[in-house]
Amino acid sequence: MKMRFVRFLLCAAAIVAALASCEKEEETPKDLPHLLGQLYFTTEVPRFVGYGYEQDVKVSGAYHPDVVMRPDGTYPDSLGYYFTDPFTAENDTVKRFEDPVDTKVVYHFKVTQDTLATFGLNAFAFAPGHYSSSCTAYITVVRPGYGDDKSIRGFDTSTESVPLHGRQYYVVEHNGVQWTRQNYSDEKSGTSYCGSEIMNEIFGRYYTWEQASKICPSGWRLPSSAEFDALVEEYGGVAALMSDVYFNGSKPKDKMWRYWPEVGSITDESKLSLFPTGYAVKTDTDYQFYDLQVKSVVWTSDSDDDTGKAIARYIQEDSNILYSGWYDQHTFAASVRCVRDVLHP
């Protein structure tokens, strides 16, 4: 029932099957008939949650072969349903097969373990003499913040921090410019990773350039592309800009940067502390996320209004280069690091 965080943990609408997959059990020699339809979660279950999180969840989609379709094209809930608690492995029947067809199919789900791992919430529809139909929603339990007991481990917390919009951000100064060392998070705009707000204090939020250009607090701004180049030149490569952190664990498989032969040893000497949270693309109705554990992508202040694009700088896991790319200001969403000019007496 329990799985560790793995590479390419995605949450785009195109891969809903990976996050709430539903499939019928394979036949046994008894060769029983299958239920019809496909069971699925009708309630959106957050991909990432914290200890104590709870909500009611519902499923639908499977039906008995003998049930007659209603005039509106739907089928009565003529099946029995049970859910398996991912933390205790106990089954909870929320509707018996003998119950009236209008009996509500609702399971109250609660995170009762503070174990940082991925769990499967399983639902089953059943009927006597038939194979059951199952559906699984995967959730990852996290702890917001950076530290040995948080979801992000291995982050250097020795630098000073400043309060910005109610949150503390570690900062570092280079050439009279102070940088935030964590991806910025302000709920006024942008989106959370996988739509899970608990991830704001872990990965930061993802902003289009149109949003990012307005999101830094008063006195702060987006860094220029030239300021990124100056850091690479000062430290002689991207390894000094990368933080060798872990997500939800402390084993090699929990590393955020997984593969960097051309980069060499990650030092984070600059204390910029970039790690690969990927990027997102905004659609008409949602965001789709890409390249987690592969790329760190951060907006700059450089833009071209004539083309409607702006520059984002990014590090790719297997290359000792700080890349530069022009991206759509309204649909491409990346991380934000805010900077401010520091005046010394």
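A pocket is here an open set of grid points, each admitting a 1.4 Å probe, with protein on both sides within 12 Å along at least five of seven lines. In this predicted model, the second largest pocket holds about 210 Å³ of space. Its lining comprises 15 residues, with Gly-145, Tyr-146, Gln-168, Gln-182 and Glu-201 lying nearest the centre. Strand E14 (167-174) and helix H2 (200-203) are the elements that each give two or more residues to this lining. By residue class, the lining of the second largest pocket divides into 8 polar, 5 nonpolar and 2 charged residues.

Helix H4 spans residues 225-235, and its buried positions are Ser-225, Glu-227, Phe-228, Leu-231 and Val-232. An α-helix has 3.6 residues a turn, so residues three or four places apart point the same way. The cover over the buried residues of H4 includes strands E14, E15 (177-180), E20 (295-304), E21 (309-316), E22 (322-328) and E24 (339-341). Just after H4, Gly-236 adopts a positive phi of about 80°.

The largest nonpolar core contains 41 residues, and those with the most contacts inside it are Ile-152, Tyr-193, Phe-203 and Phe-247. Two or more residues of this core come from each of E15, H2, H4 and strand E19 (287-290). H4 supplies the largest share, 3 residues. A second, separate core of 28 residues includes Tyr-107, Ala-125, Cys-135 and Val-141. In soluble globular proteins, nonpolar side chains tend to be buried together. Helix H2 thus appears in two settings, giving residues to the lining of the second largest pocket and to the largest nonpolar core.

Methods: Residues numbered from 1 in each chain as written. Predicted model: local features only at pLDDT ≥ 70, side-chain atom pairs only at ≥ 80, totals over all residues. Heavy atoms only, no water. 1 Å grid on protein atoms, 1.4 Å probe; cavity = no way out; pocket = protein on both sides within 12 Å on 5 of 7 lines; lining within 4 Å. Points joined across faces, edges and corners; volume = space filled by probe spheres on them. Helix = DSSP H or I, 4+ residues; strand = E, 2+ residues; numbered from the N terminus. Nonpolar A, V, L, I, M, F, W, Y, C, P; charged D, E, K, R; others polar. Buried < 20%, exposed > 50% of the residue type's maximum accessible area, 1.4 Å probe, protein only. Contact = heavy atoms within 4.5 Å. Core = buried A, V, L, I, M, F, W, Y, C linked by side-chain atoms within 4.5 Å.
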